[in-house]
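Student: Hi! I'm new to this one, could you walk me through a few spots in it?
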Amino acid sequence: MKINLNPETDPQSKIIVAMDVPSAAEAINLCDRLPQVSFWKVGLELFIADGSTILRELKARDKKIFLDLKLHDIPNTVASACRVATKYGADFLTIHASGGSAMMQAAQAEAQGSSTQLLAVSLLTSISATELATDLKVSLEVSEYVSKLVLLAKESGLTGAVCSPHEVKNLRSQLGDDFCFVTPGVRPAGAAVGDQSRVMTPQEAIAAGANYLVIGRPIVAAPDPVAAWEKICQALT
């Protein structure tokens with residue numbers, strides 16, 4: 001299933017809030033405090049701690065789910081993991097594009113016909129241009145490297161990708177409106193960047209062509225998460 005590429009004009013529908021907490025109890029508390037949030041991201045920490053519990057709870061509350069597992073292994077292993085993961089009924093599930101076309105094709109074959117759309121993770125937003133060159137020994141510029149990975153994902157049958165908002169504008173011009181872009185590395189103006197290297201504000205990311213924004217710590221770790229959420233939504237109107 002392909003999720004709506006053009007969320008409603010309500011800015012709330014464009015924001016995926018990251019449940020960056022270590023337990024289902026804390027995640028459920030977040031849901032209780034922010035009932036207006038319709039789309040939640042469950043990442044590795046929470047999934048390992050209490051994955052099935054929180055995913056069932058989110059489904060019971062009729063919430064959309066971004067299951068951000070960033071799967072990366074040999075094709076057979078990733079395909080098998082996707083076969084199991086799609087049973088949770090998540091709307092999005094991530095795999096690493098750097099796993100290659102065979103891996104992505106095998107994963108897509110397992111997800112086909114389910115309610116889950118696979119997203120290819122291009123380059124983590126924590127990785128800078130310097131780290132790409134010195135640590136990973138990739139000679140390409142960040143934008144070129146990300147473009148090659150996302151285009152490979154499309155050729156492998158995927159219909160969406162995760163990338164920094166800095167790369168979205170160029171990719172949108174290449175892939176058109178029928179490809180879904182989910183962007184982490186989104187920080188409200190004045191917010192701490194933390195471990196992110198390639199960031200934009202929510203307004204800038206939407207203007208660049210992102211379909212959905214992943215925002216975690218600026219909301220979840222705020223002294224008043226409700227006020228932080230409302231301020232971000234207001235900025236997008």
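Tutor: Happy to! One term to begin with: a polar contact is a pair of N or O atoms within 3.5 Å, and within protein one must be able to donate a hydrogen and the other to accept it. Also keep in mind that this is a predicted model.

Student: Okay, which side chain does the side chain of lysine 70 make a polar contact with?
Tutor: That would be the side chain of aspartate 68, at 2.6 Å.

Student: And where is lysine 70?
Tutor: Lysine 70 sits in strand E3, which covers residues 64-71. UniProt, in an unreviewed entry, puts an "active site" feature at Lys70.

Student: Why does lysine 70 count as partly exposed?
Tutor: Because its relative accessibility is 29%, and partly exposed covers what lies between 20% and 50%.

Student: What does lysine 70 touch, leaving aside its neighbours within four places in sequence?
Tutor: Thr94, Ile95, His96, Val121 and Leu124.

Student: Switching topic, how many residues are in the largest nonpolar core?
Tutor: It has 62 residues, and Met19, Trp40, Ile95 and Phe181 have the most contacts inside it. Helix H6 gives the most to this core, with six residues. There is also a second, separate core of twelve residues, with Phe66 and Tyr212 among them.

Student: Serine 147 is in H6, right where you just pointed. Is serine 147 buried or exposed?
Tutor: Buried, because its relative accessibility is 10% and the cut-off is under 20%. The side chain of serine 147 reaches the backbone oxygen of serine 143 at 2.9 Å. Not counting residues up to four places away in sequence, serine 147 touches Asn170, Leu171 and Gln174.

Methods:
Residues numbered from 1 in each chain as written. Predicted model: local features only at pLDDT ≥ 70, side-chain atom pairs only at ≥ 80, totals over all residues. Heavy atoms only, no water. Helix = DSSP H or I, 4+ residues; strand = E, 2+ residues; numbered from the N terminus. Buried < 20%, exposed > 50% of the residue type's maximum accessible area, 1.4 Å probe, protein only. Contact = heavy atoms within 4.5 Å. Core = buried A, V, L, I, M, F, W, Y, C linked by side-chain atoms within 4.5 Å. UniProt positions renumbered as here; feature names shortened; annotations may be inferred.
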